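Biologist: I should like to understand the reasoning behind the description of this model. May we go through it term by term?

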Amino acid sequence: MPDDLLERLQRFTSEAFPTQRSLFRHLVDDGQHPLALFIGCSDSRIVPYLLTGAGPGELFLVRNVGAFVPPYDQSHGFHGTAAAIEFAVLNLAVQRIVVCGHTHCGAIRALYGEVPAAAQNLARWLDLGREAALPVAEPGPEVLRRTEQRAIVLQLERLMDYPMVRERVEAGQLTLHGWHYVIEEGEVHVFDVRKGFVPASQADNAGTGPYRPVAYADDIDGLDASGVPASG
Ligand SMILES: [Zn+2]
């Protein structure tokens, strides 16, 4: 019986690699300089390279169940996602961090149900999204979508508790983006601190985070209490 996975590996070397040989040579000689850290849900339907059109060397990826960001703490545990954030910001000096959740997310759905008793790490991990859950027993599609979006904003807020993230955001060197990928529409909705989640086709930026971003500070000063831009 042919090993399909082995055949795919062989095809990469014989067919895909030759077309990008010089790019990979350059990335080896020069090292990687990705502009963005992409924190995405592990869901197989999120394909960051497809969404962004990025190629090799352009995205530093962290995937986990739910696209969650653990709290910045001093417990010195085996915190893979936290380690990746530190590395991306301190070593690679990325200029953007994307948190990308999506529709039909199993992690968000699981916030309203049970996980298998043996999945102790999963149960604990889901705590990172609990604050986003709404007080309903049987969530419908609209509640799930809102929970997915709330969870994304929650992770952005938690990112700001990482000192190296906050420092660079406040210095205007780093931008945080919250993305909600609507699989069935083939469109990412980006979080805009002034407007909420906006389809990328109608947005004027890739997302502005939950903080008061330096680049938009003047705009925000122009808003009155209702969130309506002041005239003039
Ligand atoms: Zn998911």
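Modeller: Certainly. pLDDT is the predictor's confidence in each residue, from 0 to 100. The model is predicted, and the mean pLDDT of its chain is 90.

Biologist: What makes residues 212-232 a stretch to be treated with caution?

Modeller: Over residues 212-232, pLDDT stays under 50. Where pLDDT is low, the predicted coordinates should not be read in detail. The 15 contacts beyond four places in sequence that the model has for residues 212-232 are therefore to be taken with that reservation.

Biologist: Why are Ile-85, Ala-88 and Val-89 of helix H4 called buried?

Modeller: A residue is buried if 20 or more other C-beta atoms lie within 10 Å of its own. Ile-85, Ala-88 and Val-89 are buried in H4, so each of them meets that cut-off.

Biologist: Why are the buried residues of H4 said to line one face of the helix?

Modeller: Seen down the axis of H4, the buried residues fall within an arc of 90 degrees, so they line one face. The face turned away from this buried side carries the exposed residues Gly-80, Ala-83, Leu-90 and Asn-91.

Biologist: Against which elements do the buried residues of H4 pack?

Modeller: They pack against strand S1 (36-41), strand S2 (59-64) and helix H8 (163-170). Leu-37 touches Ile-85 and Ala-88, among others.

Biologist: How do you know that Leu-37 is buried?

Modeller: Leu-37 belongs to the largest nonpolar core, of 43 residues, and is among those that touch the most other members. A nonpolar core is a set of buried residues, so Leu-37 is buried.

How values were computed
Residues numbered from 1 in each chain as written. Predicted model: local features only at pLDDT ≥ 70, side-chain atom pairs only at ≥ 80, totals over all residues. Contact = placed C-beta atoms within 7 Å. Buried ≥ 20, exposed ≤ 12 C-beta atoms within 10 Å, placed from the backbone. Helix = DSSP H or I, 4+ residues; strand = E, 2+ residues; numbered from the N terminus. Arc of directions from axis to C-beta. Core = buried A, V, L, I, M, F, W, Y, C linked by C-beta atoms within 7 Å.
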